[in-house]
Number of protein chains: 2
Amino acid sequence: MPDYNYNVYASACPSRIMFDSISNKWTMFILDRLRDQPVRFNQLLREIEGISQKMLSQTLKTLERDGLITRTAFPTVPVTVEYAITPLGQTLSSTVHVLIHWAEHNGDEILAARAAYDAKNKQV
Amino acid sequence: MPDYNYNVYASACPSRIMFDSISNKWTMFILDRLRDQPVRFNQLLREIEGISQKMLSQTLKTLERDGLITRTAFPTVPVTVEYAITPLGQTLSSTVHVLIHWAEHNGDEILAARAAYDAKNKQV
DNA sequence: CAGCATCCAAGATGATACTG
DNA sequence: CAGTATCATCTTGGATGCTG
């Protein structure tokens with residue numbers, strides 16, 4: 001028996017409170033992209049296909065607030081901003097990376113399962 | 001250089017298509033809950049705090065369609081239905097488990113980071 | 001017990017335009 | 001370049017009531 005007596009999935013515990021933040025697509029993709037080196041705003045915008053400027057901006061702010069990434073502005077003209085992962089974020093990023101690559105490697109198998117399911121349950 | 005030349009984050013690749021499914025709270029919690037043994041519908045409903053019957057039903061169906069879990073109905077009166085994880089689901093579940101427990105163990109640190117951030121950026 | 005159907009409110013996200 | 005602001009939309013998900 002673990003050293004806690006509350007339900008892991010309960011909404012009261014801190015882990016649950018912030019699990020919503022990390023269990024979303026953009027959070028994971030950004031974290032994974034920052035894993036190796038700092039990246040600038042527009043670079044992320046270009047490389048993470050499908051994300052809008054609004055969502056990128058919003059997600060980055062949340063990640064910074066949660067202490068998972070840092071934001072550094074360089075006084076160039078025009079301004080340059082680099083986002084980098086923190087040590088804490090790095091620990092999360094490793095797991096996220098595994099998850100993303102699981103999806104990458106098993107995507108086809110899942111698509112096949114879907115097709116089989118749909119074929120079996122097709123209506124008239 | 002890896003053996004693929006497309007963007008991992010691109011919406012075109014299969015992994016991305018189904019990444020939305022797995023990167024959500026309920027999917028992860030259900031998968032994690034089924035990791036050790038099969039569980040019945042109402043049992044899941046009770047143990048995964050905060051989930052509604054609708055979301056549970058909906059998420060279970062998606063997971064079954066994706067070949068990550070199986071649904072078995074026993075002809076008892078009233079009917080009993082057990083959901084169990086598949087081998088494919090098991091491989092995903094392991095990673096998800098790490099993620100959930102990351103949240104569990106680092107929740108406080110993140111909450112602290114949030115408090116610090118909010119204190120520094122408080123408006124007048 | 002294990003669901004499905006319907007209605008509806010709230011939040012998430014996209015599009016567009018503007019700024020330091 | 002790196003954002004913010006506003007508006008419109010579109011999905012998500014909760015509440016409720018019904019069924020085999």
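Which residues come nearest to DNA strand D? The points below take this up after a word on the model.

1. Basis. This is a predicted model, in which local features need pLDDT of at least 70, side-chain atom pairs count only at pLDDT 80 or more, and totals for chains, interfaces and linings use all residues. Residues are numbered from 1 along each chain as its sequence is written, chains are lettered from A and ligands numbered from 1 in the order in which they are written, and side-chain values use heavy atoms, with hydrogens and water left out.

2. Confidence. The average pLDDT (the predictor's confidence in each residue, from 0 to 100) is 89 for chain A, and 92% of the residues there score at least 70. Residues 1-5 of chain A fall below 50, and beyond near neighbours in sequence this stretch has 2 contacts in the model (a contact means heavy atoms within 4.5 Å). Where pLDDT is low, the predicted coordinates should not be read in detail.

3. DNA strand D. A residue is near a strand if one of its heavy atoms lies within 4 Å of it. There are 18 residues around DNA strand D, and A:Gln53, A:Ser57, A:Tyr83, B:Ser52 and B:Lys54 come nearest. Of the strand D atoms that come within 4 Å of the protein, sugar and phosphate make up 60%. Chain A gives at least two residues to this surface from each of helix H3 (41-47), helix H4 (53-65) and strand E3 (80-85), and chain B does so from helix H4 (53-65). Helices (H or I, at least four residues) and strands (E, at least two) are DSSP runs, numbered from the N terminus.

4. Polar contacts to strand D. The cut-off is a pair of N or O atoms within 3.5 Å. The side chain of B:Ser52 has a polar atom 2.7 Å from a phosphate oxygen of DNA strand D, and that of A:Lys61 has one 2.8 Å from a phosphate oxygen. B:Lys54 instead faces a base oxygen, with an N or O atom of its side chain 2.3 Å away.

5. DNA strand C. Here too 18 residues lie around the strand, and A:Lys54, B:Gln53, B:Ser57, B:Arg71 and B:Tyr83 come nearest. Sugar and phosphate account for 57% of the strand C atoms within 4 Å of the protein. A side-chain N or O atom of A:Lys54 is 2.6 Å from a base oxygen, while a polar side-chain atom of B:Arg71 is 2.8 Å from a phosphate oxygen. B:Val81 uses a backbone N or O atom, 3.4 Å from a phosphate oxygen of DNA strand C. H4 of chain B supplies the largest share of this surface, 4 residues.

6. Cis peptide bonds. Most peptide bonds are trans. The bond from A:Val77 to A:Pro78 is cis, with omega near -5 degrees, and A:Pro78 sits in the loop between strand E2 (69-74) and E3 of chain A. In chain B, the bond from B:Val77 to B:Pro78 is also cis, with omega near -5 degrees; B:Pro78 is in the loop between E2 (69-74) and E3 of that chain.

7. Lining of the largest cavity. Residues of both chains line this cavity, among them A:Phe19, B:Phe29 and B:Ile100. Lining residues have an atom within 4 Å of a point of the cavity, a set of points on a 1 Å grid over the protein atoms alone where a 1.4 Å probe fits but cannot get out.

Methods: 1 Å grid on protein atoms, 1.4 Å probe; cavity = no way out; pocket = protein on both sides within 12 Å on 5 of 7 lines; lining within 4 Å. Polar contact = N/O pair within 3.5 Å; in protein donor to acceptor, adjacent residues only side chain to side chain.
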